[in-house]
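Colleague: I am new to this structure. Please take me through one part of it closely, and set that part in the whole.

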Amino acid sequence: MSTVNLVYFSWVRERIGKGEETLEVPADVVTIADLLAHLKTLGEEYETALEHQNVIRAAINQEHVEHGEPIAGAREIALFPPMTGG
């Protein structure tokens with residue numbers, strides 16, 4: 001198990017019901033994609049927020065990353081919906 005600090009933004013935050021949390025994740029959670037899949041098992045609010053996980057964007061230590069990015073050593077992982085232009 002390892003500990004990750006998660007920050008949620010916009011409708012991801014609204015659907016999960018919290019802006020941030022620190023979680024223990026199993027050793028087989030290695031990438032952002034693994035993390036998203038794991039989070040969906042934590043309850044209906046997570047499942048709803050991450051239902052279309054392919055559109056969820058992620059950042060590790062405030063740098064945008066793809067879903068295949070390893071999470072080892074991350075101080076902070078942010079999850080948010082796609083940005084809209086304007």
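Modeller: Start with a cut-off: a residue counts as buried under 20% relative accessible area, as exposed over 50%, and as partly exposed in between. Keep in mind that this is a predicted model.

The part I pick is strand E1, and asparagine 5 lies in it. Asparagine 5 has a relative accessibility of 35%, so it counts as partly exposed. Set its neighbours within four places in sequence aside. Asparagine 5 then touches Glu21 and Thr22, and also Arg75, Glu76 and Ile77. Alanine 49 sits elsewhere: its C-alpha is 18 Å from that of asparagine 5, with the two positions 44 residues apart in sequence.

Now move along to valine 7, also found in strand E1. Here the relative accessibility is 14%, so valine 7 counts as buried. Leave out residues up to four places away once more. Valine 7 is in contact with Gly19 and Glu20 on the one hand, and with Glu76, Ile77, Ala78 and Leu79 on the other. Threonine 22 is 15 residues from valine 7 in sequence, and their C-alpha atoms are 8.8 Å apart.

Leu79 deserves a look from its own side. Its contacts, again without residues up to four places away, include Val7, Tyr8 and Phe9. Leucine 79 also touches Val12, Leu36 and Leu39. Ile56, Arg57 and Ala58 complete its list.

That leads to the core. The largest nonpolar core has 23 residues. Leu6, Tyr8, Ile32, Leu39, Ile77 and Leu79 touch the most other members. Strand E1 (2-8) supplies at least two residues of this core. So do strands E2 (20-25), E3 (57-60) and E5 (77-80). Helices H1 (10-16), H2 (32-39) and H3 (44-49) each do as well. H2 gives the largest share, 4 residues.

Stay with H2 for a moment. Histidine 38 is found in this helix. Its relative accessible area is 17%, so histidine 38 is buried. Beyond its neighbours within four places in sequence, histidine 38 is in contact with Glu24, Val25, Pro26 and Val29.

Just ahead of the helix comes threonine 31, placed in the loop between E2 and H2. Threonine 31 is at 16% relative accessibility, so this loop residue counts as buried too. Its contacts, not counting residues up to four places away in sequence, are His67, Gly68, Glu69, Pro70 and Ile71.

Now step back to the whole chain. The protein chain has 3 helices and 5 strands. From the N terminus on, their order is β-α-β-α-α-β-β-β. The C-alpha trace spans about 40 × 30 × 20 Å along its principal axes. A compact globule of 86 residues would have a radius of gyration near 12 Å, and the chain has 12 Å, so the two agree.

Of the 86 residues, 36% count as buried. Take contacts between residues at least 6 apart in sequence: 48% of them join residues at least 24 apart. The chain exposes about 5,200 Å², with carbon and sulfur atoms supplying 48% of that area. As for charge, there are 6 positive and 14 negative charges, and their mean positions are 5 Å apart.

Technical notes
Residues are numbered from 1 along each chain as its sequence is written. This is a predicted model: local features need pLDDT of at least 70, side-chain atom pairs count only at pLDDT 80 or more; totals for chains, interfaces and linings use all residues. Side-chain values use heavy atoms; hydrogens and water are left out. The radius of gyration is taken over C-alpha atoms; the globule rule is 2.2 Å times the number of residues to the power 0.38. Buried means under 20% relative accessible area, exposed over 50%, partly exposed in between (1.4 Å probe, protein chains only). Contact means heavy atoms within 4.5 Å. Accessible areas come from the Shrake-Rupley method with a 1.4 Å probe; for residues, only the protein chains shown count as cover. Lys and Arg count as positive and Asp and Glu as negative; His and the chain ends are not counted. The place of a charge is taken as NZ of Lys, CZ of Arg, CG of Asp or CD of Glu. A nonpolar core is a set of buried Ala, Val, Leu, Ile, Met, Phe, Trp, Tyr and Cys residues joined through side-chain atoms within 4.5 Å.
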